[in-house]
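Please walk me through the inside of this protein model. I would like to know how its core is put together and where empty space is left.

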Amino acid sequence: MKRSIAMILAALLSSAMYAESITVAAAISLKDALTRASAQYKTETGESVELNWGSSGQLANQILNGAPVDLFISAAEKQIKDLSKAGILVETTRSIVATNSLVLIVPSESKASPDSVKALADGRVTRIAIGEPESVPAGRYAEQAFDHAGIADAVRDKLILGTNVRQVLDYVERGEVSAGLVYATDAKSAGDKVRVTCTVDAGVHEAIVYPAVVVKTSAKQEAAARFLKYLLSKKGQACLREFGFAPPPEPTTKAIK
């Protein structure tokens with residue numbers, strides 16, 4: 001019996017020695033889903049995931065300036081392409097882990113209900129929250145939707161810019177703006193604090209995808225790739241779906257080995 005206990009302890013200690021902790025920089029719209037997924041991953045593997053949130057643009061700049069990040073998950077292809085040009089990504093690991101949609105929301109108690117992007121030009125809509133387009137992909141998608149609807153000039157002076165999509169959501173929840181454009185998953189996380197008045201046609205903006213890639217400067221590339229592989233697995237995808245994310249488009253990029 002003593003020998004069996006000793007063997008079990010030795011196995012546990014050996015496992016702990018090889019368990020690694022990685023840092024993942026991820027778009028803040030993934031916060032709820034990745035928090036759950038990383039907890040599940042640690043339970044199953046013993047490996048820890050430290051999550052660093054922000055807008056995709058902010059995080060990309062941090063990585064470009066040498067921030068210690070092992071895995072980057074953006075809410076758009078643009079930031080991945082920018083880092084790729086700098087030669088600091090492990091290109092063979094590049095994969096899309098999820099997709100999303102853009103929705104128009106209003107405060108839950110609001111009497112105004114603009115039911116289309118074009119309706120935002122109405123004089124009764126006085127303040128519209130979107131993400132800062134230069135660094136927040138959701139804001140970039142919103143601008144593209146305004147351009148397509150032909151209302152970019154009409155809404156320019158109404159815009160309130162958030163540093164990330166969760167700040168935009170917060171503005172709407174508190175009733176500080178008439179309406180806002182966020183991801184469907186963010187609206188879902190807000191529950192009855194906001195109302196979705198329409199889902200923006202996916203054809204009027206770039207595809208909303210979440211590309212993930214291992215950072216070349218990471219000393220834990222294999223551990224980062226393992227977590228990415230988990231996100232692409234049935235368990236990881238089930239977790240993302242639970243929070244409203246849609247699966248990657250077909251065909252997907254190369255599988256992580």
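**Core and cavities**

In this predicted model, the largest nonpolar core holds 70 residues, and those touching the most other members are Ile73, Leu120, Phe146, Leu181, Tyr210 and Phe227. Helix α9, residues 221-232, gives this core its largest share, seven residues. A second, separate core has 12 residues, including Leu59, Ile63, Val69 and Phe72. In soluble globular proteins, nonpolar side chains tend to be buried together.

Phe146 shows what such a position looks like in detail. With neighbours within four places in sequence left aside, Phe146 is in contact with Val117, Leu120, Ile128, Ile130, Ile151, Ala152, Val155, Leu159 and Leu181. Two of these partners, Leu120 and Leu181, also appear with Phe146 among the core residues that touch the most other members.

Next comes the empty space. Searching the whole structure gives two cavities of 30 Å³ or more. The largest cavity encloses about 60 Å³. It is lined by 13 residues, and Ile28, Ser55, Val136, Pro137 and Val165 are the closest to its centre. Eight residues of this lining are nonpolar and five are polar, while none is charged.

The second largest cavity encloses about 40 Å³. Its lining consists of Ser29, Asp32, Ala33, Arg166, Thr185, Ser189, Phe243 and Phe245. Helices α2 (31-45) and α8 (184-190) each supply at least two of these residues. By class, the lining of the second largest cavity has three nonpolar, three polar and two charged residues. Charged residues are thus found in the lining of the second largest cavity, whereas the lining of the largest cavity has none.

Definitions and conventions
Residues numbered from 1 in each chain as written. Predicted model: local features only at pLDDT ≥ 70, side-chain atom pairs only at ≥ 80, totals over all residues. Heavy atoms only, no water. Core = buried A, V, L, I, M, F, W, Y, C linked by side-chain atoms within 4.5 Å. Buried < 20%, exposed > 50% of the residue type's maximum accessible area, 1.4 Å probe, protein only. Helix = DSSP H or I, 4+ residues; strand = E, 2+ residues; numbered from the N terminus. Contact = heavy atoms within 4.5 Å. 1 Å grid on protein atoms, 1.4 Å probe; cavity = no way out; pocket = protein on both sides within 12 Å on 5 of 7 lines; lining within 4 Å. Points joined across faces, edges and corners; volume = space filled by probe spheres on them. Nonpolar A, V, L, I, M, F, W, Y, C, P; charged D, E, K, R; others polar.
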